[in-house]
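Good morning, colleagues. I would ask you to look at the sequence and the model as they appear, and then to follow me through a few selected places.

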Amino acid sequence: MKIVKATEDNIRISAGIIKKGGLVAFPTETVYGLGADALNPIAAASIFEAKKRPFFDPLIVHIADLSDVERVARNVASKGLKLMERFWPGPLTIVLEKLDIVPDIVTSGLATVAVRMPVHPAARGLIREAGTPIAAPSANRFGCLSPTTAEHVYNQLGDSVDMILDGGPCSIGIESTIVKIMNNRIYLLRPGGIAPEEIEDFTGEVLLAGYPKNKPEAPGQLPYHYSPEKQVILVDKISRIEDRCGYLFFREPGFSYP
(Lines give C-alpha, C1' and ligand atoms only; values in the text may rest on other atoms or scores of the structure.)
Protein backbone atom coordinates (compact mmCIF):
# COMPACT_ATOMS: atom_id res chain seq x y z
CA MET A 1 0.00 0.00 0.00
CA LYS A 2 1.13 3.51 -0.67
CA ILE A 3 -0.19 7.06 -0.47
CA VAL A 4 -0.12 8.83 -3.82
CA LYS A 5 -1.34 12.21 -4.99
CA ALA A 6 -4.74 12.14 -6.71
CA THR A 7 -3.36 12.94 -10.15
CA GLU A 8 -4.97 11.77 -13.39
CA ASP A 9 -2.36 9.04 -13.78
CA ASN A 10 -2.79 7.78 -10.23
CA ILE A 11 -6.57 7.88 -10.51
CA ARG A 12 -6.23 5.73 -13.64
CA ILE A 13 -3.97 3.27 -11.78
CA SER A 14 -6.40 3.20 -8.85
CA ALA A 15 -9.31 2.52 -11.20
CA GLY A 16 -7.40 -0.50 -12.47
CA ILE A 17 -7.14 -1.74 -8.88
CA ILE A 18 -10.91 -1.33 -8.46
CA LYS A 19 -11.54 -3.25 -11.71
CA LYS A 20 -9.41 -6.13 -10.41
CA GLY A 21 -11.37 -6.33 -7.16
CA GLY A 22 -8.97 -4.34 -4.98
CA LEU A 23 -9.42 -1.62 -2.37
CA VAL A 24 -8.70 2.07 -2.91
CA ALA A 25 -9.12 4.81 -0.31
CA PHE A 26 -10.11 8.10 -1.91
CA PRO A 27 -11.08 11.63 -0.89
CA THR A 28 -14.58 13.05 -0.90
CA GLU A 29 -15.86 16.35 0.45
CA THR A 30 -17.20 14.56 3.54
CA VAL A 31 -14.57 12.02 4.65
CA TYR A 32 -12.19 9.60 2.95
CA GLY A 33 -13.92 6.49 1.61
CA LEU A 34 -12.70 2.90 1.36
CA GLY A 35 -13.80 1.90 -2.12
CA ALA A 36 -14.39 -1.33 -4.02
CA ASP A 37 -16.45 -2.34 -7.05
CA ALA A 38 -20.05 -2.15 -5.79
CA LEU A 39 -21.15 -4.85 -8.24
CA ASN A 40 -18.46 -7.35 -7.19
CA PRO A 41 -19.52 -9.22 -4.03
CA ILE A 42 -16.02 -10.54 -3.29
CA ALA A 43 -14.53 -7.05 -3.58
CA ALA A 44 -17.28 -5.66 -1.35
CA ALA A 45 -16.57 -8.36 1.23
CA SER A 46 -12.97 -7.15 1.44
CA ILE A 47 -14.26 -3.76 2.66
CA PHE A 48 -15.90 -5.40 5.67
CA GLU A 49 -12.75 -7.43 6.34
CA ALA A 50 -10.39 -4.42 6.17
CA LYS A 51 -12.58 -2.30 8.46
CA LYS A 52 -13.62 -5.13 10.80
CA ARG A 53 -17.14 -3.98 9.98
CA PRO A 54 -20.13 -6.21 10.82
CA PHE A 55 -21.89 -7.56 7.75
CA PHE A 56 -25.29 -6.32 8.95
CA ASP A 57 -24.20 -2.68 8.45
CA PRO A 58 -24.88 -1.69 4.79
CA LEU A 59 -22.53 0.29 2.55
CA ILE A 60 -23.10 3.47 0.53
CA VAL A 61 -22.78 3.15 -3.25
CA HIS A 62 -21.10 6.13 -4.93
CA ILE A 63 -21.85 7.23 -8.48
CA ALA A 64 -20.34 9.86 -10.75
CA ASP A 65 -23.36 11.07 -12.74
CA LEU A 66 -27.10 11.28 -12.21
CA SER A 67 -27.72 8.76 -14.99
CA ASP A 68 -25.75 6.18 -12.97
CA VAL A 69 -28.67 5.86 -10.55
CA GLU A 70 -30.33 3.59 -13.10
CA ARG A 71 -27.45 1.14 -12.76
CA VAL A 72 -28.20 0.39 -9.10
CA ALA A 73 -31.76 1.50 -8.27
CA ARG A 74 -35.33 1.56 -9.61
CA ASN A 75 -38.69 3.15 -8.93
CA VAL A 76 -37.13 6.43 -7.80
CA ALA A 77 -39.82 8.68 -6.33
CA SER A 78 -40.28 12.15 -7.80
CA LYS A 79 -39.22 13.66 -4.46
CA GLY A 80 -36.04 11.65 -4.69
CA LEU A 81 -35.29 12.98 -8.15
CA LYS A 82 -35.85 16.54 -6.97
CA LEU A 83 -33.45 16.02 -4.06
CA MET A 84 -30.83 14.61 -6.45
CA GLU A 85 -31.18 17.53 -8.85
CA ARG A 86 -30.86 20.03 -5.98
CA PHE A 87 -28.23 18.47 -3.73
CA TRP A 88 -26.12 16.25 -6.00
CA PRO A 89 -23.22 16.25 -6.26
CA GLY A 90 -23.02 16.81 -2.53
CA PRO A 91 -23.09 15.30 0.96
CA LEU A 92 -26.57 13.76 0.67
CA THR A 93 -27.20 10.01 0.52
CA ILE A 94 -30.61 8.72 -0.57
CA VAL A 95 -31.88 5.22 0.23
CA LEU A 96 -33.57 3.72 -2.84
CA GLU A 97 -35.08 0.44 -4.00
CA LYS A 98 -32.16 -1.61 -5.30
CA LEU A 99 -31.70 -3.52 -8.53
CA ASP A 100 -30.84 -7.22 -8.31
CA ILE A 101 -27.42 -6.51 -9.83
CA VAL A 102 -26.35 -4.93 -6.53
CA PRO A 103 -24.96 -7.76 -4.35
CA ASP A 104 -26.76 -8.48 -1.10
CA ILE A 105 -23.51 -8.08 0.81
CA VAL A 106 -23.42 -4.39 -0.17
CA THR A 107 -26.91 -3.78 1.22
CA SER A 108 -26.66 -6.26 4.11
CA GLY A 109 -29.51 -8.25 2.57
CA LEU A 110 -31.88 -5.28 2.40
CA ALA A 111 -34.07 -4.54 -0.62
CA THR A 112 -32.75 -0.97 -0.59
CA VAL A 113 -29.44 0.63 -1.49
CA ALA A 114 -27.94 3.88 -0.20
CA VAL A 115 -26.67 6.04 -3.09
CA ARG A 116 -24.59 9.22 -3.20
CA MET A 117 -22.81 11.39 -5.78
CA PRO A 118 -19.73 13.03 -4.21
CA VAL A 119 -18.42 16.47 -5.11
CA HIS A 120 -14.69 15.78 -5.01
CA PRO A 121 -13.28 15.54 -8.57
CA ALA A 122 -10.92 12.71 -7.58
CA ALA A 123 -13.83 10.61 -6.31
CA ARG A 124 -15.95 11.11 -9.40
CA GLY A 125 -12.92 10.68 -11.65
CA LEU A 126 -12.16 7.34 -10.00
CA ILE A 127 -15.74 6.15 -10.44
CA ARG A 128 -15.82 7.13 -14.10
CA GLU A 129 -12.41 5.63 -14.83
CA ALA A 130 -13.33 2.37 -13.07
CA GLY A 131 -16.55 2.17 -15.07
CA THR A 132 -18.54 0.91 -12.11
CA PRO A 133 -20.35 2.30 -9.07
CA ILE A 134 -18.07 2.17 -6.03
CA ALA A 135 -19.19 0.96 -2.63
CA ALA A 136 -17.39 3.01 -0.01
CA PRO A 137 -17.92 3.47 3.70
CA SER A 138 -15.55 5.74 5.59
CA ALA A 139 -11.94 4.50 5.42
CA ASN A 140 -11.53 3.86 9.14
CA ARG A 141 -11.62 0.96 11.54
CA PHE A 142 -15.24 0.23 12.38
CA GLY A 143 -16.60 2.40 15.18
CA CYS A 144 -13.68 4.85 15.15
CA LEU A 145 -13.51 8.43 13.94
CA SER A 146 -13.73 8.87 10.19
CA PRO A 147 -10.57 10.00 8.34
CA THR A 148 -10.35 13.43 6.78
CA THR A 149 -6.79 13.11 5.43
CA ALA A 150 -4.86 10.38 3.62
CA GLU A 151 -2.60 10.01 6.66
CA HIS A 152 -5.62 9.28 8.86
CA VAL A 153 -6.51 6.40 6.54
CA TYR A 154 -3.02 4.92 6.71
CA ASN A 155 -2.85 5.24 10.49
CA GLN A 156 -6.06 3.23 10.88
CA LEU A 157 -5.98 0.74 8.01
CA GLY A 158 -2.32 0.49 7.04
CA ASP A 159 -1.51 -2.15 4.45
CA SER A 160 -5.05 -3.53 4.24
CA VAL A 161 -5.65 -0.94 1.48
CA ASP A 162 -4.07 -1.39 -1.97
CA MET A 163 -3.74 2.36 -2.60
CA ILE A 164 -4.63 5.63 -0.91
CA LEU A 165 -5.36 8.62 -3.15
CA ASP A 166 -4.35 11.82 -1.41
CA GLY A 167 -6.69 14.66 -2.37
CA GLY A 168 -5.91 16.86 0.62
CA PRO A 169 -8.06 17.48 3.71
CA CYS A 170 -11.81 16.97 3.30
CA SER A 171 -13.69 20.25 2.99
CA ILE A 172 -16.68 19.22 5.14
CA GLY A 173 -15.17 16.62 7.42
CA ILE A 174 -18.31 14.79 8.59
CA GLU A 175 -20.37 12.05 6.97
CA SER A 176 -23.17 12.62 4.48
CA THR A 177 -26.76 13.18 5.54
CA ILE A 178 -28.91 10.11 4.78
CA VAL A 179 -32.61 10.24 3.93
CA LYS A 180 -35.24 7.81 2.69
CA ILE A 181 -38.56 8.54 0.98
CA MET A 182 -41.40 6.28 2.06
CA ASN A 183 -45.14 6.81 1.63
CA ASN A 184 -44.34 10.17 0.03
CA ARG A 185 -42.64 11.40 3.20
CA ILE A 186 -38.94 12.07 3.75
CA TYR A 187 -37.27 10.36 6.72
CA LEU A 188 -33.93 11.44 8.18
CA LEU A 189 -31.87 8.30 8.81
CA ARG A 190 -28.58 10.02 9.67
CA PRO A 191 -27.67 13.70 10.17
CA GLY A 192 -24.54 14.85 8.34
CA GLY A 193 -23.03 17.33 5.91
CA ILE A 194 -26.34 18.90 4.83
CA ALA A 195 -28.49 20.34 7.60
CA PRO A 196 -32.04 18.96 7.80
CA GLU A 197 -33.29 22.56 7.76
CA GLU A 198 -31.76 23.06 4.31
CA ILE A 199 -33.66 20.06 2.97
CA GLU A 200 -36.83 21.24 4.70
CA ASP A 201 -36.49 24.73 3.22
CA PHE A 202 -36.15 23.22 -0.24
CA THR A 203 -38.99 20.68 0.05
CA GLY A 204 -41.34 22.72 2.20
CA GLU A 205 -41.93 19.82 4.57
CA VAL A 206 -40.56 18.71 7.92
CA LEU A 207 -38.29 15.66 7.86
CA LEU A 208 -39.51 12.76 9.95
CA ALA A 209 -37.23 10.96 12.38
CA GLY A 210 -35.89 7.64 11.15
CA TYR A 211 -38.36 4.93 12.03
CA PRO A 212 -37.15 2.01 14.20
CA LYS A 213 -35.91 -1.09 12.37
CA ASN A 214 -34.55 -4.40 13.59
CA LYS A 215 -31.33 -3.78 11.64
CA PRO A 216 -29.57 -0.71 10.21
CA GLU A 217 -30.94 0.57 6.91
CA ALA A 218 -28.01 2.93 6.42
CA PRO A 219 -24.59 3.58 7.96
CA GLY A 220 -24.42 5.50 11.22
CA GLN A 221 -27.58 4.03 12.79
CA LEU A 222 -25.88 1.93 15.44
CA PRO A 223 -25.83 3.17 19.06
CA TYR A 224 -22.00 3.12 19.12
CA HIS A 225 -20.29 4.71 16.12
CA TYR A 226 -17.75 7.38 15.04
CA SER A 227 -16.22 7.26 18.51
CA PRO A 228 -12.95 8.93 19.60
CA GLU A 229 -10.36 6.79 21.36
CA LYS A 230 -9.85 9.36 24.11
CA GLN A 231 -12.29 9.95 26.93
CA VAL A 232 -14.89 12.66 26.27
CA ILE A 233 -16.48 14.48 29.22
CA LEU A 234 -19.47 16.84 29.00
CA VAL A 235 -19.54 19.60 31.64
CA ASP A 236 -21.78 22.58 32.25
CA LYS A 237 -19.04 24.82 33.64
CA ILE A 238 -15.26 24.91 34.12
CA SER A 239 -13.05 27.49 35.82
CA ARG A 240 -9.66 26.81 34.23
CA ILE A 241 -7.90 24.96 31.43
CA GLU A 242 -6.02 21.76 32.28
CA ASP A 243 -2.88 20.66 30.46
CA ARG A 244 -2.97 17.79 27.93
CA CYS A 245 -6.68 18.23 27.26
CA GLY A 246 -8.66 19.50 24.31
CA TYR A 247 -11.72 21.73 24.76
CA LEU A 248 -14.73 22.60 22.66
CA PHE A 249 -16.64 25.68 23.84
CA PHE A 250 -20.06 26.63 22.51
CA ARG A 251 -19.83 30.11 24.07
CA GLU A 252 -17.20 32.30 25.67
CA PRO A 253 -15.98 30.49 28.84
CA GLY A 254 -15.80 33.64 30.96
CA PHE A 255 -12.07 33.43 31.77
CA SER A 256 -8.83 33.96 29.87
CA TYR A 257 -7.14 31.05 28.13
CA PRO A 258 -4.12 30.65 25.83
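Let us begin with Cys-144, which counts as buried because its relative accessibility is 12%; buried means under 20% relative accessible area, exposed means over 50%, and partly exposed lies in between, with a 1.4 Å probe and protein chains only. Before going on, I should state that this is a predicted model, in which local features need pLDDT of at least 70 and side-chain atom pairs count only at pLDDT 80 or more, while totals for chains, interfaces and linings use all residues. Residues are numbered from 1 along each chain as its sequence is written, and side-chain values use heavy atoms, with hydrogens and water left out.

How many disulfides does the structure hold? The number is 0, where a disulfide is a pair of cysteine sulfur atoms within 2.5 Å. For Cys-144, the nearest cysteine sulfur belongs to Cys-170 and is 17 Å away. Cys-170 is likewise in no disulfide, its nearest cysteine sulfur being that of Cys-144. Cys-170 has a relative accessible area of 12% and is therefore buried.

I turn now to a pair of helices. Helices (H or I, at least four residues) and strands (E, at least two) are DSSP runs, numbered from the N terminus. Helix H3, residues 78-87, packs with helix H7, residues 196-203, at an angle of about 115°, and their axes are 11 Å apart. The axes are lines fitted to C-alpha atoms, for helices over the stretch in contact, and the angles run from 0 to 180 degrees between N-to-C directions. The crossing of H3 past H7 is right-handed; a crossing is called left-handed if the near helix is turned anticlockwise from the far one by less than a right angle, and right-handed if clockwise.

Which residues make this contact? From H3 come Lys-82, Leu-83, Arg-86 and Phe-87, and from H7 come Glu-198, Ile-199, Phe-202 and Thr-203. Contact here means heavy atoms within 4.5 Å. By character, the residues of the H3 and H7 contact are 4 nonpolar, 1 polar and 3 charged. In this scheme Ala, Val, Leu, Ile, Met, Phe, Trp, Tyr, Cys and Pro count as nonpolar, Asp, Glu, Lys and Arg as charged, and the others, Gly among them, as polar.

Two of the residues just named also form a salt bridge, namely Glu-198 and Arg-86, at 3.5 Å from N to O. A salt bridge is a side-chain nitrogen of Lys or Arg within 4 Å of a carboxyl oxygen of Asp or Glu. Because Glu-198 lies in H7 and Arg-86 in H3, the pair ties together parts that are 112 residues apart in sequence. Glu-198, with a relative accessible area of 37%, is partly exposed, and Arg-86 is also partly exposed, at 39%.

A further salt bridge involves H3: the side chains of Lys-79 and Glu-205 meet at 2.5 Å, N to O. Lys-79 lies in H3 and Glu-205 in the loop between H7 and strand S12 (208-209), so this pair joins parts that are 126 residues apart in sequence. Both Lys-79 and Glu-205 are buried.

Elsewhere, Arg-53 and Asp-57 form a salt bridge of 3.3 Å, N to O. Arg-53 counts as buried at 5% relative accessibility, and Asp-57 counts as buried at 0%. Arg-74, Glu-97 and Asp-100 are linked in a network of salt bridges. The count of salt bridges comes to 11.

Next, helix H5, residues 121-130. Is this helix mostly covered or mostly uncovered? H5 is mostly covered, with 7 of its 10 residues buried. These are Ala-122, Ala-123, Arg-124, Gly-125, Leu-126, Ile-127 and Ala-130. They pack against helix H1 (8-19) and against strands S2 (24-26), S4 (60-62), S8 (134-135) and S9 (163-166). Just after H5, Gly-131 takes a positive phi of about 75°.

I close with two exposed residues. Ala-209, in strand S12, is exposed, with a relative accessible area of 64%. Leaving aside neighbours within four places in sequence, Ala-209 is in contact with Tyr-187 and Leu-188. Val-235, located in the segment after S12, is exposed at 52% relative accessible area. The C-alpha atoms of Val-235 and Ile-94 are separated by 36 Å, and the two residues are 141 residues apart along the chain.
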